[in-house]
Amino acid sequence: MSEFEIHRATKRRAKLRLGMSGPAGSGKTYSALLIASGLGGRIGLIDTEHGSGDLYADLLPEGYDVLRLAPPFTPGRYIEAIRAMEQAGVTTIIIDSLTHAWSGEGGSLDRQGKIADRSGNSWQAWRQVTPEHNALVEALLQSRCHIIATMRAKTEYVQEKDERTGKQVVRKIGLAPIMRDGIDYEFTIFMELDIQHMAYIGKDRTRLFDGQIVKPDVEVGRRLLAWLQSGEEEPQVEQAAMGDEQLADLSNSIRRARDLDELYHVFAAAYRTANALPDAAAIAELTRIKDERKAALEAEEAEYGEHA
């Protein structure tokens, strides 16, 4: 008997995985909220942009919830925030922005540099950091919520001729997203926004907007929702359970974390393992142990600070 299973391709209902990149001022947060409104349900925004998530409090009649994520922006803390939104009953999670997990304080580039400085081995540092990044990507893909992730884009200025006046003008354009190369392949649809708040759809598995330039709005969200809900229900799979020995090993690795940096690293790895099954009970238990260890480490840091 073959170990491979072959089945007829069948379109099934799915959750949205939308990536949006653009330079400052391109309207990433605004556009994400409008599309999320079109998807319906409760909206939650993970804000890494210093409170900018509250600036649009009056934009949507239904409102939305905000979780402010402060540094360090480790992949493990992003995973914590996603879990918190899921547990709160949110149906669409906006991550604004995902860029900080890569290039922000405590993000993957920052961690890789610090590990390389300590060890003197850049390649070995990536071997430690890459699994953390992969765990975050896995959390995005496996979430039971719709996910909209914004990313900053590298900015460049070009000089071109204005067709109306004939004069040379300077225009700001966004280039590749500031994130690990290839991140756009992880999403169902990827939008590149410009300073006029228009989006070029460079990748679109829904085929609704592929290659088009559109204005992201509520109607775009409604059209995406209709496509996502068409097709058959995903078959129910009996939930696997993590073995006691494996759960104990992961739990102990969290309890042994010597500082918050290491805690976020080991928790990201443990979460990815439990989420792959998936085992909701194990995830809850690992999260509880992480919270206990986090509180203990924070108390130790506070006590050390008082005696320093």
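How do helix 7 and helix 8 lie to each other, roughly parallel or roughly antiparallel? Point 2 has the answer, but a few ground rules come first.

1. **Ground rules.** This is a predicted model, in which local features need pLDDT of at least 70 and side-chain atom pairs count only at pLDDT 80 or more, while totals for chains, interfaces and linings use all residues. Residues are numbered from 1 along each chain as its sequence is written, and side-chain values use heavy atoms, with hydrogens and water left out. Helices (H or I, at least four residues) and strands (E, at least two) are DSSP runs, numbered from the N terminus.

2. **Helices 7 and 8.** Back to the opening question: helix 7 and helix 8 are roughly antiparallel to each other. Helix 7 covers residues 244-255 and helix 8 residues 260-275; they pack at about 160°, with axes 9 Å apart. Axes here are lines fitted to C-alpha atoms, for helices over the stretch in contact, and the angles run from 0 to 180 degrees between N-to-C directions. Angles under 35 degrees count as roughly parallel, over 145 as roughly antiparallel, 65 to 115 as roughly perpendicular, and the rest as oblique. The crossing of helix 7 and helix 8 is left-handed, a label used if the near helix is turned anticlockwise from the far one by less than a right angle (right-handed if clockwise).

3. **Who touches whom there.** On the side of helix 7, the contact is made by Gln246, Leu250, Ser253 and Ile254, and helix 8 brings Leu263, Val266, Phe267, Ala270 and Thr273. Contact means heavy atoms within 4.5 Å. Sorted by class, the contact of helix 7 with helix 8 has six nonpolar, three polar and no charged residues. For the classes, Ala, Val, Leu, Ile, Met, Phe, Trp, Tyr, Cys and Pro count as nonpolar, Asp, Glu, Lys and Arg as charged, and the others, Gly among them, as polar.

4. **Helices 2 and 5.** Now look at helix 2 (residues 75-87) and helix 5 (residues 122-142), whose axes come within 8 Å and cross at roughly 20°. That makes helix 2 roughly parallel to helix 5. The crossing is left-handed here as well. Pro75, Tyr78, Ile79 and Ile82 of helix 2 meet Glu132, His133, Ala135, Leu136, Ala139 and Leu140 of helix 5. By class, the contact of helix 2 with helix 5 has eight nonpolar, one polar and one charged residues.

5. **Glu132.** This residue of helix 5 is worth clicking on. Glu132 is buried, with a relative accessible area of 2%. The cut-offs: buried means under 20% relative accessible area, exposed over 50%, and partly exposed in between (1.4 Å probe, protein chains only). Not counting residues up to four places away in sequence, Glu132 touches Pro75, Arg111 and His265.

6. **Met85.** Here's one from helix 2. Met85 is buried, at a relative accessible area of 4%. Leaving aside neighbours within four places in sequence, Met85 is in contact with Gly44, Leu45, Ile46, Asp65, Val66, Leu67, Val90 and Ile93. Take Ile46: 39 residues separate it from Met85 along the chain, and their C-alpha atoms are 8.4 Å apart.

7. **Helix 1.** Helix 1 (residues 28-39) has 12 residues and reaches 17 Å from first C-alpha to last, close to the 16 Å expected at 1.5 Å a residue. That expected span is 1.5 Å times one less than the number of residues. Of the 12 residues of helix 1, 11 are buried, so the helix is largely enclosed by the rest of the structure. Among the buried ones are Lys28, Leu33 and Ile35. Just after helix 1, Gly40 takes a positive phi of about 80°.

8. **Backbone oddities.** Most residues other than glycine have a negative phi, and most peptide bonds are trans. His197, in the loop between strand 7 (189-193) and strand 8 (199-204), has a positive phi near 65°. At 35% relative accessibility, His197 counts as partly exposed. Arg207 has a positive phi of about 65°, and at 66% relative accessibility it counts as exposed. As for cis peptide bonds, one joins Pro71 and Pro72, with omega about 5°. Another cis bond joins Asp96 and Ser97, with omega about 15°.
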